[in-house]
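Please look through the structure shown below, with attention to surface charge and to backbone geometry. The paragraphs that follow take these topics in turn.

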Amino acid sequence: MDEEICQRVNENGRVVIPAAFRKALGIKVGDEVVLRIQDDELRITTQQRRIQRAQRRARQYVKPGMSLVDELFAERREAAKDE
């Protein structure tokens with residue numbers, strides 16, 4: 001979605017997020033959003049979207065078929081042997 005619209009800020013400092021934008025981001029009534037100022041812009045996302053982005057970034061460093069959970073357990077077992 002590469003859409004842009006202009007919105008007015010009301011007297012309480014509120015801005016309405018248009019339905020199409022909420023749908024594109026998966027924001028539902030009652031959801032929490034994460035606000036961040038970056039490069040002089042206000043960015044709005046959800047915690048779930050941030051997790052998904054982090055998972056995509058991490059996947060590029062994981063070999064196909066490798067389980068990070070199994071790797072962690074193996075490391076913990078080895079560390080426990082030394083205790």
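Helices, taken as H or I with at least four residues, and strands, taken as E with at least two, are DSSP runs numbered from the N terminus. In this predicted model, the place of D40 is in the loop between β1 and β2, and D39 is found in that loop as well, with β1 spanning residues 34-38.

What sets the backbone of these two aspartates apart is the sign of phi: D39 has a phi near 50°, a positive value in a residue other than glycine, and D40, although it is not a glycine, has a positive phi of about 60°. Most residues other than glycine have a negative phi.

Are the side chains of this loop buried or exposed? Because exposed means over 50% relative accessible area, D39 counts as exposed with a relative accessible area of 63%, and D40 counts as exposed at 80% relative accessibility.

After the loop comes strand β2, residues 41-45, in which R43 is found. With a relative accessible area of 37%, R43 is partly exposed, and because a patch is made of residues with over 30% relative accessible area and no salt bridge, this value of 37% lies on the admitted side of the accessibility cut-off.

R43 indeed belongs to a patch of positive charge on the surface, where it gathers with R36, R49, R50, R56, R57 and R59. Which element gives the largest share of this positive patch? Helix α2, covering residues 47-59, contributes that share, with five residues, while R43 belongs to strand β2.

Technical notes. Residues numbered from 1 in each chain as written. Predicted model: local features only at pLDDT ≥ 70, side-chain atom pairs only at ≥ 80, totals over all residues. Heavy atoms only, no water. Patch = residues over 30% accessible without salt bridge, like charges linked within 9 Å, V, L, I, M, F, W, Y side chains within 5 Å. Areas by Shrake-Rupley, 256 points an atom, 1.4 Å probe, with all protein chains shown as cover. Salt bridge = Lys/Arg side-chain N within 4 Å of Asp/Glu carboxyl O. Lys, Arg positive; Asp, Glu negative; His and termini not counted. Charge placed at Lys NZ, Arg CZ, Asp CG, Glu CD. Buried < 20%, exposed > 50% of the residue type's maximum accessible area, 1.4 Å probe, protein only.
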